[in-house]
Structure formats: structure tokens, C-alpha cells
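Reader: I have a model open and want to learn how to read it. Where do we begin?

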Amino acid sequence: MSTQDNPQATAALPPVSAGKTVKTLLGILWRHDKGYFAVMLLLSLAGAAASLVNLLLPKMLLDGVQQGWGAGRFVQAGLLFAAVKYLAVQALAWLTRREKQHNYEMERLFPMLFAEKTTRLNYPALEDPAVLDLKERALFPVTNYGALMQLFSTVLDTFKALLTLVGLSAMLAAFSWWFVLALLILCAIAMALSGRFMRYMRQAMQEMIPVNRRYGYYANAATQAEFQKEFRLYGLNTLMRSKVSSYTDEITTWLHRIYVRQGNYEALQALITALMRFIAYGYAAVRALTPMWGPQIGLGDFSVVVLATENFFSTFMQLVTGIFTFIQTVSYLVPFCQYLALPEAAQPGGAQPGPMRTLAFDNVHFCYPHTDRMILDGLSFEITAGEKISIVGLNNAGKSTIVKLICRLFEPQEGRILYNVRDIREYDYDAWLWQLSCVFQDFRLFPFTLRDNIDTAGSGDEARLTGVLAETGMLEAVQALPRGLDTYLNKSVWEEATDFSGGQRQKLAIARSLFRPAEMVILDEPTAALDPLAESEVYEHFHELTRGRTAIFISHRMSSSTFCDRILLLQDGRAAAFDSHHNLMRGHNLYRRLFEAQAQNYRAEQTVQTEPYVSAADAV
């Protein structure tokens, strides 16, 4: 079967346009914080009004001088202006505080939405290179560039600039439409330069994302504790340093190109600003001195023309920059919304699974995404409720794959997995997962308390907690801790946490699986980190630990099979045998060869360990 025919291969990434990105983000904002829109509108109106009011004070004072105001009139006008200004400042301060509070909520919301989406994705997508690259492109602008908050602040600044520009245009148009037209022509040139620079920046950012991803991996790997032994034993620090240095040089060259381009852009913008000021001062001076280009104006109107022109260009550039920044930021956030649009595994609805009677694989074929190798090739077998099953086979025979299929992390290309004679895909996804309790080879404990790591649903059943800890041999170690079950794990997160050994952590993972009242317990290499005595203890109490529930046990140590009712022997993607240990040992098959080979090695080790010590002197 080719990868093109493999339905497990992740489908093409969902197309998301800039318009759909804006709609998605605004929809999220509307659902979670409708008040944000009102705050942004009021803040824009208040900001625009404050900018326009500032232009009126010089005009008022100069007109008062020309009209011969007395001291009392000046004081009265000053107090009125101060009162209006004070109210505007207070309103702006209050609205700004409100906006910051809303921004804080949004900063917390969007990463949480991203994390929740990741937990709901189809599991094969988490191993797909295209999705992993999309994940990096989605996170980079949010975590490194602050794109989400940049987008919201840009919308606010752009709307405020637009309102201010409308007011300034109305003021200047009262003097001359031709003057306003000349200003708009210069602003259009500046806008073209800004658009060109923004397009360059957008392309440069996209080019640097893969380099930054690799740099981030090597830089983080150099500080990760799990890599330090190899760094020291094999002298990998030199190689790692060269990798980081090469990407650092590439990023430095990239930044140099950007700074040069930015310098040229800012120089041209400064030239346009100087030209606009020259035109503004020249035009205002001519209108103040002569009626050549219209009715002669006074000093108050002169100040309005000059100050409004200064504000016009700066406000127009704020508007243009805001528009281009908005477009650029939206383009950065397209991958974020594309990631949110990926299909999810947990679809609501479906039947509710009842108590287990049987679990059967019916002619199941499976190969992993983007591969041609068939892992399971027509596998069929059936387990009845309460059975203890051991799955054995050579490496890569598909033992862990069976577990992943049962957990619906993957789906078979052909065939069915039946629970009580019904396809497991017909059951509600979340309800089906609650039927299972698993310990994987690469299990994880989290920086929560011991109680939360075991009682994940928060049932508060202290008796059961104590029971599973006792059965897995961890009760004494937990009770010896000052805070007992309320002790946190992971000292890198919590100062008063505890860090258990690998074997103890594996016992805690087994305790977590046993605490969950599931129909089926799946143990995938559960004793890999345990010493021989602890491993033997787990095997001896295997039936008691699983409490009569159906159990699937996977281990490379063949002695574990003797504790099971039946052994499923995988060979060439199929069930080569499915029988008891006693019956399989009577025939000539792969299981017997594996079991006897391990038994022979174990006897050889025991012989070496128990052989009496002979000193050199005795040998002579």
C-alpha cells in the first residue's frame, strides 16, 4: 500500500484566507469578551477628540490677543480648557486601564485555546511533519512577535488615527482643498514606500522561521538535562556549539539586511516629512501675509494650519502604518487560525460503551502515515471479559501498535476493531477512552501533586488512593514525605517538590492506571525501569493489581507471559498463535524459541553470579 492510499496520512492543511483569519479571531474575541469592542471604540473616540482639542488652545489664545481679551476672559477660557482637558485625560486613563485588563485576559486565552486544540487533534497529525511545521509557524508570531496583542492594538490605533484624520481634514479643507490634495499626494508616496517595506519584512520573516526553529531546537537542547550525559561522554558540546554558531551567523546576516533596508526606508520618510513641513509653513505664511491664495488669515488660523499639517502627516502615517501592520500581522496569524481549523479526533455523539463482553480484531490492516511497511496484515483475534492477555513478538512486530489502535490514536486502513461486536468508532470518543486505563513505555508524570497525578478526575477517594499505592509498593515512600499525597513532583517547577527514581515513577504510573475504574487495563512495558525484585513483585500481584478486569500485558521479558491466561504471538503482522503458555511451550514456534533463549541467558547470568570466588593465590 502506498502512502497516497493510506488514509492515516494527514490530509492537506485546511486553506485559510486573511479574511477568514480576521473573522476567526474576531469571533473568538466576541465569544469570550464582548466588552472589549466597546472599550476599543470609546478609547478610539476619546483619543481622537483629545488630539483635536489640543489644536484649539493656541488658536484660542492668539485670537484672544488679537481681539483684546482682558485678564479675566483669559483666565475663564483657560479654566474651561483645563477642565475639558482634565476630563478627557481621566477618561483616557480609565479606558486605557480597562483595555490593559482586556489585553491581559486575551494573552491568557489564546495560548490556552492553542493548547486545547493540540489535545483534540487527530493523533497522527502530531507526528506529521507538515502539521509540526504549521505548529511552529503558528506559535512563532504569537510567542516571539506578540502578534495577537499587536493585532488588537493596531486595530485600536488605526481606528483612532482614522477618526483624527477625518477631523484634521475637515479643519484644513476650510482653508483650501488644494492644500489638502497636495498633502494627500505626499502621503500617498509615503504610503507606497511603507507598503514596499512591509512586504519585504513579511517575506523576510517567513524566510527566517525555519532557521529560527532549528536554532531554537539546538539552543534548547544544549540546556536540557536529559542531553547532558551524552554531551560530556561523547564531547558533543563542540559540535552543538558549531551548530548554534552557524545559525547565529545566519540570523545575524538576516538582521543586518533588515536594518539596512529599514535605515533606507526611514531616510526617505524623513525627506518626505521635511518637504511637507516646508509646504505647510510656506502656505500658512503666504495666507497670513497676503490674500494671494485666499482670504488673509490671522495668527490663530496660522497656528491651526501649521499644527494641523504636522498632525495630518503623522496621523496619516499612523493610519497607513496601522493598515500595513494589520495586513502583515494577519498574514502572520494565518497559520494560527489554520492550526485551529485542523480536524479533531474527539467528535461529539455516538453510542455509550457498556460493560465489556468481548474485544476483537477483525482482519485489521495498518501501516503508519507516510510509510509503505504494513505493520498489521490481516490481524484477527478475540479477547473475552476478565482475561489476562500477553502480546509478544520480535521488535517492530506491532505490539504497541495494537495498543494505539485500541486507544483510537490511529485507525486501521482495513478491518474493524469490535467491542461487544460493535465497531469502536461508533462509540462516543471520550466515553470510549474512559473504558481504558493504560501505562505506556514513554509514560509521563506531571508537575502536579501526587494526588492529582493519580486521581486525575479528582474523585477524592482516599481509600482507593491508599490501596493502589500499597499494591504498587509506593505507600511507604509517599507517607514518608512531609506533605504526603499533596507533595508536588518536578523540582524544576516547584521548590518543595520531590523527584522519585525511575522505578518509583513507573510504579506511580501503574498506580494511576489501576486507580481509574476502567473496563480494560493495558500495560505496555510497565516494568522496564524496575529492578528484578520489584518486577517480580508486580508479576506476582498481577491478577490482584488488575482486580479481575480485562488486562493486556506487553513485555520483552517472556517470563511475564506465564502470569497470563493466553499469549498472542505476533509474526509478520498476523497472529501466529493465540494460546496458553503451557500449550505454546509444547509446540515448535517463535514463542518457545524466545522464551527458551531468555531462560538460557538468565541461567547463564545466575551461574556467573553464584560461582564461588577464586583468588589469584588459590589459582596458583
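**A buried arginine and its strand**

Author: Start in a loop. Arginine 549 sits between helix H17 (542-545) and strand E8. Helices (H or I, at least four residues) and strands (E, at least two) are DSSP runs, numbered from the N terminus. This is a predicted model: local features need pLDDT of at least 70, side-chain atom pairs count only at pLDDT 80 or more, and totals for chains, interfaces and linings use all residues. Residues are numbered from 1 along each chain as its sequence is written, and side-chain values use heavy atoms, with hydrogens and water left out.

Reader: What is the nearest side chain of opposite charge to arginine 549?

Author: A salt bridge puts a side-chain nitrogen of Lys or Arg within 4 Å of a carboxyl oxygen of Asp or Glu. Lys and Arg count as positive, Asp and Glu as negative; His and the chain ends are not counted. Here the nearest is glutamate 471, 7.5 Å away, and arginine 549 has no salt bridge although it is buried. Buried means under 20% relative accessible area, exposed over 50%, partly exposed in between (1.4 Å probe, protein chains only).

Reader: Which backbone oxygen lies 3.1 Å from a polar atom of the arginine 549 side chain?

Author: That of leucine 514.

Reader: Which strands pair with E7?

Author: Two strands pair if DSSP finds at least two bridges between them. E6 (residues 436-439) runs parallel to E7 over four bridges. E8 (residues 550-554) is also parallel to E7, with five bridges. Valine 521 has alanine 551 of E8 as its bridge partner.

Reader: Is E7 covered or exposed?

Author: Mostly covered: five of its five residues (520-524) are buried.

Notes: Polar contact = N/O pair within 3.5 Å; in protein donor to acceptor, adjacent residues only side chain to side chain.
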